[in-house]
Amino acid sequence: MSNHPAAEVPDVLFGDTEAEARWRARFTAARVSLPDWALDAPDRNHYLSNASGVWEVYAWDRATDIHRQVTDRPNGTLHAAITPDGERLWWFADTDGDEFGSWVCEPFAGRPADSEAGPAVAGVTPGYPAGLAVGHEATAIGVSTDDGTTIFTSRAGGPGEVIYQHANDAGVAAMSRDERLLAIAHSEHGDNRHPALRVLAVADGSTVAEKWDGAGKGLDAIGFSPVHGDTRLLVVHERRGREELLIWDVAADTEVEITIDLPGEVSAVWCPDGRGILVIHTHEARNTLHRFDIDSGSLSRLDTLRGTVGSADVRPDGTVEYSWSNAASPNVIRALYTDGTERVLLEPPGAKAPPSVEVTDAFVPAGPDGSVHALVARPADAGDGPLPTVFSLHGGPHAADEDRYSAYRAVWLDAGFAVVHVNYRGSTGYGSAWRDAIEGRPGLTELADVAAVHDWAVREGLADPARCVVTGASWGGYLSLLALGVQPERWAAGVATVPVADYLAAYEDEMEPLRAFDRALFGGSPAEVHDRYVECSPITYVDEVRAPVLVLAGENDPRCPIRQIDNYLDRLAARGAGYEVYRYEAGHGSLVVAETIKQTAVEVYFALRALGLR
């Protein structure tokens, strides 16, 4: 039990009842993910939704338009799959958000009310999920534990058999349509941030083909061609300093690089006939969709609105289905038909989320690596003067803030804050050099970019320098704590959700895939580069923290474990610093809508009080 001062949970954030209802409605409005369908029964689908108040798995039969909630667990369910024949649904069962568990399955039509979903494959050991490929006759399941990665295969419904095992991080990437070939991503070379690929024979685990582009250049297997007997594998590479595409025929061990003349980076999914791909293009925090014909090399842009495409896929009839939002408009699932017409595909029940405001772009010079891209939002009714400003630092670090709808951003705007998202070095979407610039000095590198954007915001009259708040979750929470100690003169308050706070202790307690990530990022383990971990750890600078701090932490978090957070809080307590703590019974974040609302209210109310606005 924690003896640290508990954060105050407000009954309401706003005295105006309409404003109070509006910010909560953005969270409580039901949302859905892009449906995923059975390869050979495309009317049978599954998706995720928070319609019940918790993110859970749903089944959808398009032929009858019947929707069914599949899972109902206290802390939600995040991972699911469907068999190619559409007869069974799989989902990953962990305990209270700890991410450690096993795959279970049940009939698509549902199980008896008094029964439980059974093990999907017998003989597979519990662990953290490391990829999954489900076929008619063959299945591959990746499992990660402290001992490394094990990949099991099951044939004809039999028990799982080990096909691959290694102490280094690895995972299932894709299985061929005829279920003869299995692509895995691995880091046997010691760097799971830049993985290599290997293709195994499902029958006996023998190696069919290998591909590695060398140190510092990763490969990502998207998927095999959807055509039976086709051994082509669609792959993302970064040979020219950004994410691009190639097609690797693993049987012939030949490849063709796909050259697409677009700025930024690209990913893709196969079109059903295997003759084309749907390209998802990322540039400056926004996405566009394009069809690429493999034979002719022609590229055509699809008509989508400016904003972010969360995910996209192509139906057997060529219809493109995708999720979309921008900063002002809530997420929607749309279908774009081959004749150019379009409609909303799937609308969740209940009231829609209220809109928010647009974001604008700022490109702030920051040094030899280039300018930092920031996304900026101001309250709709704000005047021209400097505002209290939240600098929101995304997690990852290999992720990016985008022009997408965010109920979290919107509530800060409602409270009168400007919001600045910083796509610091380490972010994805800006090329390999930008993403990898933090290697060897993580945390401190990103903070140099945060400082440049902070200076810009003050200089431009956006941010009141006496009322700046730094916030973030996961890696963003780590950066927030680090910023409070390394840049104490810049911040009037800080909010860190599920952060790394004491890197040495975090390394000892975190899940093995993250230890592997840290070794690649820091250039070794704490035993090998101890001083580097110390230099980049928030607890090293805890005595320099001046501003009040709010820390939110999950008791079952395997990524940023609770002990290392308590170490940091104990140090704050020892020096009588101003801080508050909010602890909750889940893992690395919450899938429960009411809990998310509660945490958000705690954060905003803390910042308002810290800045003397309440």
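Student: Leaving aside its neighbours within four places in sequence, which residues is A415 in contact with?
Tutor: Let's place the residue in this predicted model. A415 sits in the loop between α2 and β32 (418-423). Setting aside neighbours within four places in sequence, its contacts are F14, V604 and L608.

Student: Is A415 buried or exposed?
Tutor: The cut-off to keep in mind is that buried means under 20% relative accessible area. A415 has 17% relative accessibility, so it counts as buried.

Student: What separates the C-alpha atoms of A415 and W456?
Tutor: Along the chain, these two residues are 41 residues apart. In space, the separation of their C-alpha atoms is 22 Å.

Student: Which residues does H454 touch, not counting residues up to four places away in sequence?
Tutor: H454 belongs to helix α4 (residues 444-459). Its relative accessibility is 5%, so H454 counts as buried. Not counting residues up to four places away in sequence, H454 touches F391, C468, R490 and W491.

Student: Why is helix α5 described as largely enclosed by the rest of the structure?
Tutor: Helix α5 covers residues 475-486, which makes 12 residues. Among its buried residues are W475, Y478 and L482. The helix is largely enclosed because the number of its 12 residues that are buried is 11.

Student: How far does α5 reach from its first C-alpha to its last?
Tutor: A helix of 12 residues can be checked against the span expected at 1.5 Å a residue, which is 16 Å here. The reach of α5 is close to that expectation, at 16 Å.

Student: Where is the cis peptide bond that joins G396 and another residue, and what is its omega?
Tutor: Some background helps: most peptide bonds are trans. The partner of G396 in this cis bond is P397, found in the loop between β31 (387-393) and α2 (407-414). The bond joins G396 and P397, with omega at about 5 degrees.

Student: What is the phi of D96?
Tutor: Most residues other than glycine have a negative phi. D96 lies in the loop between β6 (88-94) and β7 (101-107), and it is partly exposed at 38% relative accessibility. Although D96 is not a glycine, its phi is positive, at about 50 degrees.

Student: And what is phi near in D253?
Tutor: D253 is found in the loop between β19 (244-249) and β20 (254-258). With a relative accessible area of 46%, D253 is partly exposed. D253 is a residue other than glycine with a positive phi, near 55 degrees.

Student: Stepping back, how many helices and strands does the chain have, and what is its radius of gyration?
Tutor: The secondary structure comes to 10 helices and 36 strands. For 614 residues the globule rule gives 25 Å, and the chain is close to that, so it is as compact as a globular protein of that length. Its radius of gyration is 24 Å.

Student: What share of the residues in the chain is buried?
Tutor: The C-alpha atoms fill a box of roughly 65 × 55 × 55 Å along the principal axes. The chain exposes about 23900 Å², with carbon and sulfur atoms supplying 50% of it. Of the 614 residues, the buried share is 57%.

Student: How far apart are the mean positions of the positive and negative charges?
Tutor: The chain has 51 positive and 91 negative charges. Their mean positions are apart by 3 Å.

Notes
Residues are numbered from 1 along each chain as its sequence is written. This is a predicted model: local features need pLDDT of at least 70, side-chain atom pairs count only at pLDDT 80 or more; totals for chains, interfaces and linings use all residues. Side-chain values use heavy atoms; hydrogens and water are left out. Helices (H or I, at least four residues) and strands (E, at least two) are DSSP runs, numbered from the N terminus. The expected span of a helix is 1.5 Å times one less than its number of residues. Buried means under 20% relative accessible area, exposed over 50%, partly exposed in between (1.4 Å probe, protein chains only). The radius of gyration is taken over C-alpha atoms; the globule rule is 2.2 Å times the number of residues to the power 0.38. Accessible areas come from the Shrake-Rupley method with a 1.4 Å probe; for residues, only the protein chains shown count as cover. Lys and Arg count as positive and Asp and Glu as negative; His and the chain ends are not counted. The place of a charge is taken as NZ of Lys, CZ of Arg, CG of Asp or CD of Glu. Contact means heavy atoms within 4.5 Å.
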